[in-house]
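Me: I've got a model open and I'd like to check the labels on it one by one. Can we go through what earns each of them?

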Amino acid sequence: MRRRALLGGLAGLPAAAAAQQPACRGTVYLTIDTGWSREAEEIAAILKRRDIRATLFLADEPTFRGDRTLDDSWAPFWRARAAEGHAFASHTWRHWYFRGDPAPGQVRYANRTGPGSEVLDQRALCAELERPIARLRQMAPEARILPLWRAPGGRTTPNAIALAAACGLRHQGWTARGFWGDELDSTAHPNATLARRAIESTRDGEVVVMHWGIRSRQDPFAHVLEEVIAGLQARGLCFATLPPQGKA
């Protein structure tokens with residue numbers, strides 16, 4: 001009821017009706033990072049219904065099914081997204097965090113959820129960033145790959161940026177209004193509040209970040225995603241994949 005009240009039922013319209021939107025008055029770049037993936041199919045269905053292409057940043061993370069996002073069990077999902085025209089980029093293989101630059105040409109890479117820390121040089125960092133893309137190519141050879149990467153948590157260091165650039169990859173974060181809040185606690189940040197804020201504050205050129213599902217959020221943001229997309233489309237904002245050079 002809340003969704004239909006806010007948008008007069010626009011979010012529930014079929015794709016043919018959804019296409020009858022105002023002429024584009026700006027572009028939003030929706031990006032999706034791997035995560036718990038509980039709502040992955042729901043989110044994918046919304047994007048397909050609203051005729052939206054996103055940029056998908058891949059890492060090999062645990063999922064709600066007890067497997068990992070780049071296991072063979074997820075190959076049909078990624079093949080379907082490639083066939084729909086989504087673009088892909090690296091989110092690292094292990095989804096560890098960059099924790100500082102111990103020396104020139106080196107970056108510290110640490111497990112954020114348990115023990116484990118390494119110092120990577122350029123060759124090791126390039127391998128870490130290439131591995132999820134190589135895995136995707138095995139599952140979906142036709143996938144469109146962009147020369148971009150995103151650090152887990154968006155946390156970079158000067159050396160991480162420079163070493164990845166030497167591998168031919170540019171770091172892509174998100175913009176100031178591009179955090180829609182799907183990682184936040186749903187009791188303190190209910191979906192209705194997040195949806196209203198996203199619809200009102202998202203602007204032309206925004207790079208938005210969200211995930212295929214967040215384990216800790218009890219009321220998934222995916223439940224209001226179509227409401228948000230419909231509200232932005234009603235404002236004349238269109239959606240596109242990131243350009244190869246990324247967006248500042």
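Reply: Sure, here is a run through the labels, each set against its cut-off; keep in mind that this is a predicted model.

Me: Start with the whole thing. What makes the protein as compact as a globular protein of its length?

Reply: First the inventory: eight helices and 10 strands. The radius of gyration is 18 Å, and the globule rule gives 18 Å for 248 residues, so the protein counts as compact as a globular protein of that length. If you want the extents too, the C-alpha trace spans about 55 × 35 × 35 Å along its principal axes.

Me: And how much of the protein counts as buried?

Reply: Of the 248 residues, 51% do; the cut-off is under 20% relative accessible area. As for what is left outside, the protein exposes about 11,000 Å², with 51% of that supplied by carbon and sulfur atoms. On the contact side, take those with a separation of 6 or more: residues 24 or more positions apart account for 76% of them.

Me: Where do the charges sit, on average?

Reply: There are 33 positive and 26 negative charges, and their mean positions are 4 Å apart.

Me: On to the sulfurs. How do you know that C24 and C238 form a disulfide?

Reply: The S to S distance is 1.6 Å, and the cut-off for a disulfide is 2.5 Å, so the pair qualifies. The torsion about that S-S bond is -95°, and the link is left-handed. C24 lies in the loop between α2 (15-18) and β1 (26-33), while C238 belongs to strand β10 (residues 237-239), so the bond ties together parts that are 214 residues apart in sequence.

Me: Are those two cysteines buried or exposed?

Reply: C24 has a relative accessible area of 52%, and exposed means over 50%, so C24 is exposed. C238 comes in at 21%; buried would need under 20%, so C238 is partly exposed.

Me: What about C126 and C167, and why is their disulfide called left-handed?

Reply: The sulfur atoms of C126 and C167 are 1.7 Å apart, within the 2.5 Å cut-off. The torsion about their S-S bond is about -85°, so this disulfide is left-handed. C126 is in helix α5 (residues 122-139) and C167 in the loop between α6 (158-166) and β8 (170-171), so the pair links parts 41 residues apart in sequence. Both ends are partly exposed: C126 has 21% relative accessibility and C167 has 27%.

Me: How many disulfides does a search of the whole structure find, and what is the pairing?

Reply: The search finds two. With the bonded cysteines numbered in sequence order, the pairing is 1-4, 2-3.

Me: Now backbone oddities. Why would anyone flag a positive phi at all?

Reply: Because most residues other than glycine have a negative phi. D51 is not a glycine, yet its phi is about 60°. T92 is not a glycine either, and its phi is about 75°.

Me: Where do D51 and T92 sit, and which labels do they get for burial?

Reply: D51 is in the loop between α3 (40-49) and β2 (55-58). Its relative accessibility is 56%, and the line for exposed is over 50%, so D51 counts as exposed. T92 lies in the loop between β3 (87-90) and β4 (97-100). At 0% relative accessibility, T92 counts as buried.

Me: Last pair: what makes L56 buried and K48 exposed?

Reply: L56, in strand β2, has 0% relative accessibility, so it falls on the buried side of the 20% cut-off. K48, in helix α3, has a relative accessible area of 58%, so it is exposed.

Me: Which residues does L56 touch, leaving out those up to four places away in sequence?

Reply: I32, W78, R81, H86, A87, F88, A89 and W212. W212 is 156 residues from L56 along the chain, and their C-alpha atoms are separated by 9.7 Å. They still count as touching, because a contact is judged on heavy atoms within 4.5 Å. For K48, the C-alpha separation from A248, 200 residues along the chain, is 27 Å.

Terms used:
Residues are numbered from 1 along each chain as its sequence is written. This is a predicted model: local features need pLDDT of at least 70, side-chain atom pairs count only at pLDDT 80 or more; totals for chains, interfaces and linings use all residues. Side-chain values use heavy atoms; hydrogens and water are left out. Helices (H or I, at least four residues) and strands (E, at least two) are DSSP runs, numbered from the N terminus. The radius of gyration is taken over C-alpha atoms; the globule rule is 2.2 Å times the number of residues to the power 0.38. Buried means under 20% relative accessible area, exposed over 50%, partly exposed in between (1.4 Å probe, protein chains only). Accessible areas come from the Shrake-Rupley method with a 1.4 Å probe; for residues, only the protein chains shown count as cover. Lys and Arg count as positive and Asp and Glu as negative; His and the chain ends are not counted. The place of a charge is taken as NZ of Lys, CZ of Arg, CG of Asp or CD of Glu.
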